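Here is a set of exercises to work through with a viewer open. Try each task on your own before reading its solution.

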Amino acid sequence: MKRYEALADKIATLIRSGALKAGDRIPSIRQASARYSVSPSTVFQAYYRLEGRGLIRARERSGYYVSDKAPRLLPEPQASQAVATSSDVTVSELVFSVLESMQDTDIAPLGAAYPAAELFPLEKLAQSLARANRHVNPSSSGANLSPGNEALRRAISLRYMTSGLSVGADEVLITNGALEGLTLALQAITEPGDLVAIESPTFYAVLQIVERLKLKAIEIPVHPSEGLDLEVLSEALKNNTISACWCMSNFQNPMGATMPDIKKQDLVTLLGQYEVPLIEDDVYGELYFGSTYPKPAKAFDELGLVIHCGSFSKSLAPGYRIGWVIAGRYQERIRRDKLMTTLSASVPAQLAIADYISRGGYDRHLRRLRHFLEDQQALMTSAIASHFPAGTKVTRPRGGYFLWLELPSNIDSLALYHACLAKGINLAPGPIFSATEDYGNCIRLNYGQPLGQITSAVEAVGKIARGLNQ
Ligand SMILES: Cc1ncc(COP(=O)(O)O)c(C=O)c1O
């Protein structure tokens, strides 16, 4: 990251956290240059960027000020109140109907699980795919069976190494998106009827997989900024035989929480005491705001009990369906299960992504994507503050592309969902994120969408929500 970008991020964080408020004067170029030990031109470039993002503005002969348009902070929702009791999981028809409505391209996709396609380097990827197809030797497909294409596994390993996590290419197993890795992982470590600790609220696919594998779930509450409640998990481990724990340690879907490193370490230690494997779903890790990649829990795994799952679906190539698993002591079992189910991930898609990464530019794309998402989050937060009913609470994730909203308690998010759908806007209603269909007054919104669409769609949803808040 360039120096001016790091400085811009530092000041943006002060503004977004509320430490600097609308109208506050920020240091002059000369003051900032001395305070942050950077050249005046670095400060100038940083301020130029912040101005472009609508966070500050220059007043003639008077300096730089935090813009009135900088996002107003709304209160954060409380930690979820899930009660840790075990239950069978039956995913309602609702999840399927919400998923179907997301496939309708005429509908504003505030409920979508992926960012808009135009945010990805599709043309460059297509060139890589064409190159890969030109050079692919059909007789080499055997070499790309599980664990997968070696160049791609090396590229993934290198990315972990440069962020301080030692993962060898031979520890990486390529899968059809993270979802296949997660499913294979859960299948490898459980038998039907076993109990699995999951987050609440959680990504609805977790519920679908738990149901399909005929497992039981025990829901552990999530705090909106710090993630899984370890005290409740510890009690649950004491009082139940739990076979696995599934957790999104970074930018949890839907709450956006990222566990602090120390908490990730405590989680790994706690589960280690009970020899319970952790399935770590880290598909959003690359989409951090600010300057540092948040470590995965896998970084603290000394026993080989953490099965870490990643993916290019959210950061580079949504439709290519390429993810990976780093499974510690379960690696060979999962590799064999994969060979017995889908054999390998698509060879051209693996080669295309390996080719794209080898040409450089992935980090540049990610930097651009992260800045875009951070700006869109600010825009959406401002629009929510302006248009949603008083009493609305919203999360403040430091990465990813979801906001989780807690609406006044008399608003039924399903009624809101149906009313919005009728107006051509899709959102993700709270009950699809829990086995017990809680979160009846919560919604998840996706801000990974092109600029213009967000504010008008949020304004329309806010208006309908105000109508339901009578
Ligand atoms: C938390 C989480 N895990 C996994 C996935 C699926 O990832 P992939 O598309 O790589 O299968 C998603 C997609 O929505 C997700 O939100």
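The exercises below concern a predicted model.

**Exercise 1. The ligand shell**

Task: Find which residues surround the ligand, and which helix gives the most to the shell.

Solution:
- Begin by selecting the surroundings of the ligand: Ala113, Gly177, Ala178, Leu179, Phe203, Met248, Asn253, Asp281, Val283, Ser311, Ser313 and Gly323.
- Next, look for the main contributor among the helices. Helix α7 (residues 177-189) gives the most to this shell, with three residues.
- Finally, sort the shell by class: six residues are nonpolar, five are polar and one is charged.

**Exercise 2. Two domains in contact**

Task: Work out where domain 2 touches domain 3, and which element gives the most to the domain 2 side.

Solution:
- Start from the domain assignment, which gives domain 1 (3-66), domain 2 (89-118 + 364-468) and domain 3 (121-358).
- Taken over C-alpha atoms, the centres of domain 2 and domain 3 are 25 Å apart.
- The contact draws 27 residues from domain 2 and 30 residues from domain 3.
- On the domain 2 side, α13 (362-387) and β15 (402-406) each supply at least two residues. Of the elements there, α13 gives the most, with five residues.
- Classify that side of domain 2 and you get 16 nonpolar, seven polar and four charged residues.

**Exercise 3. A sheet and the helix across it**

Task: Give the strand order of the open four-stranded sheet, and say why one side of β14 and of β17 has no neighbour in the sheet.

Solution:
- The strands follow the order β14-β15-β18-β17, with antiparallel pairing.
- β14 (393-394) and β17 (428-429) are the edge strands, and each has a single partner, so one side of each is left without a neighbour in the sheet.
- Zoom in on one edge: β14 and β15 run antiparallel and are joined by two bridges. Here lysine 393 is placed opposite glutamate 406 of β15.
- Now add the helix. α13 lies across β14, β15 and β18 (442-446), and runs at about 20° to β15.

**Exercise 4. The buried face of α8**

Task: List the buried residues of helix α8 and the elements they pack against.

Solution:
- In α8 (residues 204-212), the buried residues are Tyr204, Val206, Leu207, Ile209 and Val210.
- Their packing partners are α4 (93-102), α7, β7 (195-200), β8 (216-223) and β10 (242-247).
- Follow the chain past α8 and you meet lysine 214, which has a positive phi, near 60°.

**Exercise 5. Unusual backbone geometry**

Task: Locate the cis peptide bonds at proline 147 and proline 201, then decide whether arginine 61 and glutamate 275 are buried or exposed.

Solution:
- Recall the background: most peptide bonds are trans, and a negative phi is the rule for most residues other than glycine.
- The bond from serine 146 to proline 147 is cis, with omega near 15°. Proline 147 sits in the loop between α5 (122-135) and α6 (150-162).
- The bond from serine 200 to proline 201 is also cis, with omega near 0°. Look for proline 201 in the loop between β7 and α8.
- Arginine 61, though not a glycine, has a positive phi of about 55°, and belongs to the loop between β2 (56-59) and β3 (63-66). Arginine 61 counts as exposed because it has 5 C-beta neighbours inside 10 Å, and the limit for exposed is 12 or fewer.
- Glutamate 275 has a positive phi of about 55° as well, in the loop between α10 (261-273) and β11 (278-281). With 8 other C-beta atoms within 10 Å, glutamate 275 is exposed.

Notes
Residues are numbered from 1 along each chain as its sequence is written. This is a predicted model: local features need pLDDT of at least 70, side-chain atom pairs count only at pLDDT 80 or more; totals for chains, interfaces and linings use all residues. A residue is near a molecule or strand if its C-beta atom, placed from the backbone, lies within 6 Å of it. Ala, Val, Leu, Ile, Met, Phe, Trp, Tyr, Cys and Pro count as nonpolar, Asp, Glu, Lys and Arg as charged, and the others, Gly among them, as polar. Domain bounds come from an automatic or database domain assignment. Two residues are in contact if their C-beta atoms, placed from the backbone, lie within 7 Å. A residue is buried if 20 or more other C-beta atoms lie within 10 Å of its own, exposed if 12 or fewer, and partly exposed in between; C-beta atoms are placed from the backbone. Two strands pair if DSSP finds at least two bridges between them. Axes are lines fitted to C-alpha atoms, for helices over the stretch in contact, and angles run from 0 to 180 degrees between N-to-C directions.
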